[in-house]
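Reader: Please take one part of this model and go through it closely. I would like to know how the helices sit against the sheets and against each other.

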Amino acid sequence: MVIFMKTSEIIRNMFMQGAGSIVVTTLRGKSHLVKLNKDGKTISSETGLRTQQLDLSVFDIVVDFLRENGGMAPKGNGRNSKVGHGKCASDTVCYCIATKYYGHKVGESTFDPVFIIAAILDMAGICENSRGYLRLKL
């Protein structure tokens with residue numbers, strides 16, 4: 001019998017094995033301490049997410065998007081591009097997070113946590129985090 005776990009459950013278990021926190025390293029070599037908050041449903045990082053708290057459901061959203069797009073997609077960048085434009089085009093992970101997680105509309109600005117989400121997915125063995133792209137391993 002095969003039992004499938006949601007991506008968010010795999011990530012939560014990874015945090016629990018690390019006593020509620022993990023250290024991830026981004027492709028640029030910067031390390032970030034990421035903590036599972038007391039609610040057991042959100043994560044935070046003073047250096048990686050500033051004041052943002054991300055619900056673990058964001059990982060399910062990203063993996064579903066990758067599956068819908070053949071297992072791989074450009075990460076994109078929302079720092080200097082509006083949602084739906086430039087480096088935050090509709091084929092990017094950034095766009096997916098902006099629209100499906102944050103609920104932003106085309107033309108709006110968005111917070112861009114892709115780098116930390118990609119690093120966590122890579123650490124969990126779910127995705128390969130490479131320059132510019134995120135690819136499912138599973």
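Author: **Helix 4 and its surroundings**

In this predicted model, helix 1 lies across strand 1, strand 2 (31-36) and strand 3, and runs at about 100° to strand 2. The sheet to which these strands belong is open and has 4 strands in the order 1-2-3-4, with antiparallel pairing. Strand 1 (21-25) and strand 4 (53-55) stand at its edges; each has a single partner strand, so one side of each is left without a neighbour in the sheet. Direction ignored, neighbouring strands of this sheet are turned by 30° against each other on average. Strand 3 (residues 42-44) and strand 4 run antiparallel and are joined by 3 bridges. One pairing to look up is that of Ser 44, whose bridge partner in strand 4 is Gln 53.

Helix 1 also meets helix 4. The axes of helix 1 (residues 7-17) and helix 4 (residues 114-123) come within 10 Å and cross at roughly 80°. Angles of 65 to 115 degrees count as roughly perpendicular, and helix 1 and helix 4 are therefore roughly perpendicular to each other. On the helix 1 side the contact is made by Thr 7, Ile 11, Met 14 and Phe 15, and on the helix 4 side by Ile 120, Leu 121 and Met 123. By class, the residues of this contact are 6 nonpolar, 1 polar and no charged.

Helix 4 has a second helix partner, helix 2. The axes of helix 2 and helix 4 come within 11 Å and cross at roughly 85°. Helix 2 and helix 4 are therefore roughly perpendicular to each other. Val 58, Phe 59, Val 62 and Val 63 in helix 2 meet Ile 117, Ile 120 and Leu 121 in helix 4. This contact divides into 7 nonpolar residues, with no polar and no charged ones. Ile 120 and Leu 121 of helix 4 thus appear in the contact with helix 1 and in the contact with helix 2.

Next comes the other sheet. An open sheet of 3 strands has the order 5-7-6, and its pairing is antiparallel. Strand 5 (72-74) and strand 6 (127-130) are the edge strands, each pairing on one side only. From one strand to the next, the twist averages 15°. Strand 5 and strand 7 (residues 133-136) run antiparallel and are joined by 3 bridges. Within this pair, Ala 73 stands opposite Leu 134 in strand 7.

Both helix 2 and helix 4 lie across strands of this sheet. Helix 2 (residues 57-68) lies across strand 5, strand 6 and strand 7, and runs at about 85° to strand 7. Helix 4 lies across strand 6 and strand 7, running at about 135° to strand 6. Helix 4 therefore has contacts with helix 1, with helix 2 and with strands 6 and 7.

Phe 115, a residue within the range of helix 4 (residues 114-123), also belongs to a pocket lining. The largest pocket holds about 520 Å³ of space. It is lined by 16 residues, and those closest to its centre are Arg 28, Lys 75, Asn 77, Arg 79 and Phe 115. The lining comprises 3 nonpolar, 7 polar and 6 charged residues. The contact of helix 2 with helix 4, by comparison, has no polar and no charged residues.

Key: Residues numbered from 1 in each chain as written. Predicted model: local features only at pLDDT ≥ 70, side-chain atom pairs only at ≥ 80, totals over all residues. Heavy atoms only, no water. Axes fitted to C-alpha atoms, helices over the stretch in contact; angles between N-to-C directions. Helix = DSSP H or I, 4+ residues; strand = E, 2+ residues; numbered from the N terminus. Parallel < 35°, antiparallel > 145°, perpendicular 65-115°, else oblique. Contact = heavy atoms within 4.5 Å. Nonpolar A, V, L, I, M, F, W, Y, C, P; charged D, E, K, R; others polar. Pairing = 2+ DSSP bridges. 1 Å grid on protein atoms, 1.4 Å probe; cavity = no way out; pocket = protein on both sides within 12 Å on 5 of 7 lines; lining within 4 Å. Points joined across faces, edges and corners; volume = space filled by probe spheres on them.
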